[in-house]
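Me: I'm new to reading protein models, and I'd like a close look at one part of this one: the place where the ligand sits. Could you walk me through what surrounds it and the helices that help build it?

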Amino acid sequence: MRMLGGAALGALDLVVSKIMIFNFLFDKLIPSSIKGYIERYGQKIVNSLNPYIKISFDEFSGDRLRRNEAFSPIQHYLREKSSGSAKRLKAHVIKGWHSPIISMDYNEEVTDEFQGVKVWWTAVKHAPHQNTLLLSNSMEQRSYRLCFHKRCRELIIESYIKHVVEEGKAIAERNRKKRLYSNNPSEAGGRFSSNKWSNVAFEHPATFDTLAMEPEKKEKIKNELVKFRKGKEYYAKIGKAWKRGYLLYGPPGTGKSTMIAAMANLLDYDVYDLELTAVKDNTELKRLLIDTSNKSIMVIEDIDCSLDLTGQREKKKKLKKEEEEEDNENKEEGTNTVTEKAKEKKNKESKVTLSGLLNFIDGLWSACGEERIIVFTTNHINKLDPALIRRGRMDKHIEMSYCCFESFKVLAKNYLDIESHSLFGDISRLLEETNMTPADVAENLMPKLEKDDPDTCLKNLIEALSKEEAHLKAEKEKARLKAEKEEKEKEEALLKAQKEEKEKEEALLKAEKEEKEKEEALQKAKKEEQEKEGACQKVEKERKVKSNLLKRLLKKMNQQSKK
Ligand SMILES: Nc1ncnc2c1ncn2[C@@H]1O[C@H](COP(=O)(O)OP(=O)(O)OP(=O)(O)O)[C@@H](O)[C@H]1O
């Protein structure tokens, strides 16, 4: 036996050394052009003899770096398959999961069976293909390779792959954990970054039960959301995209963000927190949208602060004015750096426009994906352009208001675990008299010391509310006094104006009277003048008569003397 083993080893040695000599001669003696020819045809011969087909599912494909839609479902499918059969596994622990996620390690093979046909899967990592733009220089392409016998080609390509993708999607849905996505500033991931969104597990504990709000209003919102989630057929029937827009408005601390968290928890949807000021332009906005998934809530908080809602014309005017001011300063200083600064500032500013956002909602958002909710929040509803919030875009407007007694009862249950108390009556009255946000009420209800019991917390709240009431009363009194003073000043001004008016009228009458008197005097003088003229004419006439008489008398006397 030992001799036989020795002989076999000797033969093996001989074969190995012969192969090595052949390799050496092949490498050294055959010209490289002939070598390539031999290798190519050699591969063809091997392929034609190999009865197995391999299909690669790369994570990214094409030169536009599109994510392969089949990759993730295959990943989920194989995770379930591999945990039972593969020997080299990877374990990944995620916060909030009870057990680690087990998946097959790279280059490990997993066998699967479909309708009696055996297939083999391998996970591999490799350098990206030459025609694929690199995600980053160091990034490797992840792929799954499926191997099967060529006689089953049709079954595998037409049925098995579809089965794997569908099954994978169902597994993903079953294991799904909500995530909170935030958009990265455009520079962060590089131009070709595949991750426009970064994400973390969504673990906000708010629910509709813990949300402080009038019960009827809350119930209505909740029912509508549940109806929306089940509304696939209904939306298809009415020919409307399976989407819904919510506008949440109200003062800071009234629970707008809490409401969004409660919505996400009720519907089990992911949340995309879109920071508009970090979006470079309308094109990037579209790209971000394409990268979102169904069953999600897209949130744009403080929409009035994120976007210049006065429109582009106003914005341009403002920019021009700023540039002019800076130019003037520049001339005074005799430098030219300010224009550069202005340019830099302009480049950094988001160029997302109101019309871009409207197109985003009406166009792409309405047309792609389904089962999505979009939520805008604002502290100043009056600042919003009506076009942005009209029904159809923002289907439901929800006012988040100051804390009422019903809302307080929810907070008391959440924070102190009590449903009634002798101090509730005082609190109810004080809440009606004051404007305290649920955030402030909650803060006052929170036990500050270990020994703080519900009594102490409620008293703390009463103290805060009483202070608020006193403050409001003082403010009211101040406002009343101010109004009174203004009223008095107005009255005085009115009296003064009336007096001035009267004086003016009297002066006018006096002037009129004087005018009349002057006219009468003029008339009188005229009359006297006329009378004087008449008397003169009379005297003249008498003088003429007398002179004629005298002449005649003299003539007569002359005649008599001649006689
Ligand atoms: N209606 C509410 N129900 C339960 N808790 C609330 C409510 N409103 C506020 N709170 C509490 O106050 C905190 C702040 O509330 P939240 O951030 O939801 O207010 P907001 O209206 O979104 O404020 P902002 O406009 O400043 O973003 C929350 O973490 C929550 O604890």
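Reply: Sure, let's start wide and then zoom in. Keep in mind that this is a predicted model. The protein has 17 helices and 15 strands. Out of its 563 residues, 19% count as buried. Among contacts with a separation of 6 or more, 71% join residues that are 24 or more positions apart.

Now for the ligand. There are 15 residues around the ligand, and the ones that come nearest are Ala 212, Pro 252, Gly 255, Pro 438 and Ala 439. Sorted by class, that shell has eight nonpolar, six polar and one charged residues. Where do the residues of the shell come from? Domain 2 (182–307 + 352–401) and domain 4 (404–496) each give at least three residues to the shell. Two helices are worth picking out here: α7 (256–267) and α16 (438–445) each supply at least two residues of the shell.

Take α7 to begin with. This helix has twelve residues, and from its first C-alpha to its last it reaches 17 Å, close to the 16 Å expected at 1.5 Å a residue. Is α7 mostly covered or mostly open? It's mostly covered, with nine of its twelve residues buried. Here's the full set of those buried residues: Lys 256, Thr 258, Met 259, Ile 260, Ala 261, Ala 262, Met 263, Ala 264 and Asn 265. If you want to see what does the covering, look for α5 (215–229), β11 (243–249), β12 (270–273), β13 (296–300) and β14 (372–378), which are included among the elements over those residues. Follow the chain past the end of α7 and you meet Asp 268, whose phi is positive, near 65 degrees.

While we're on β13, there's another aspartate to look at. Asp 302 sits in the loop between β13 (296–300) and α9 (303–306). Its phi is positive too, at about 45 degrees, although Asp 302 is not a glycine. Is Asp 302 buried or partly exposed? Asp 302 has 17 other C-beta atoms within 10 Å, so it counts as partly exposed.

Next comes α16, the other helix we picked out. Its buried residues are Pro 438, Val 441, Ala 442 and Asn 444. Looking down the axis of α16, you'd find those buried residues within an arc of 165 degrees, so they line one face of the helix. A bit of background helps with that picture: an α-helix has 3.6 residues a turn, so residues three or four places apart point the same way. Pro 438 is a nice one to keep an eye on, since this buried residue of α16 is also among those that come nearest to the ligand. What do the buried residues of α16 pack against? They pack against α14 and α17 (454–562).

That takes us on to α14 (405–416). Like α7, α14 has twelve residues. Its reach from first C-alpha to last is 15 Å, close to the 16 Å expected at 1.5 Å a residue. Its buried residues are Ser 407, Phe 408, Val 410, Leu 411, Ala 412 and Leu 416. What covers them includes α15, α16 and α17. So α16 turns up again here: the buried residues of α16 pack against α14, and α16 is included in the cover over the buried residues of α14.

Just after α14 you reach Asp 417, where phi is positive, at about 60 degrees. Asp 417 isn't a glycine either, and it's found in the loop between α14 (405–416) and α15 (424–433). Is Asp 417 buried or exposed? With 8 other C-beta atoms within 10 Å, Asp 417 is exposed. Set that beside Asp 302, which is partly exposed.

To trace all this on screen, start from the ligand and find α7 and α16, which each supply at least two residues of its shell. From α7, look out for its cover, including α5 and β11. From α16, move on to α14 and α17, which its buried residues pack against.

Key
Residues are numbered from 1 along each chain as its sequence is written. This is a predicted model: local features need pLDDT of at least 70, side-chain atom pairs count only at pLDDT 80 or more; totals for chains, interfaces and linings use all residues. A residue is near a molecule or strand if its C-beta atom, placed from the backbone, lies within 6 Å of it. Helices (H or I, at least four residues) and strands (E, at least two) are DSSP runs, numbered from the N terminus. Ala, Val, Leu, Ile, Met, Phe, Trp, Tyr, Cys and Pro count as nonpolar, Asp, Glu, Lys and Arg as charged, and the others, Gly among them, as polar. Domain bounds come from an automatic or database domain assignment. A residue is buried if 20 or more other C-beta atoms lie within 10 Å of its own, exposed if 12 or fewer, and partly exposed in between; C-beta atoms are placed from the backbone. Two residues are in contact if their C-beta atoms, placed from the backbone, lie within 7 Å. The expected span of a helix is 1.5 Å times one less than its number of residues. The arc is that of the directions from the helix axis to the C-beta atoms.
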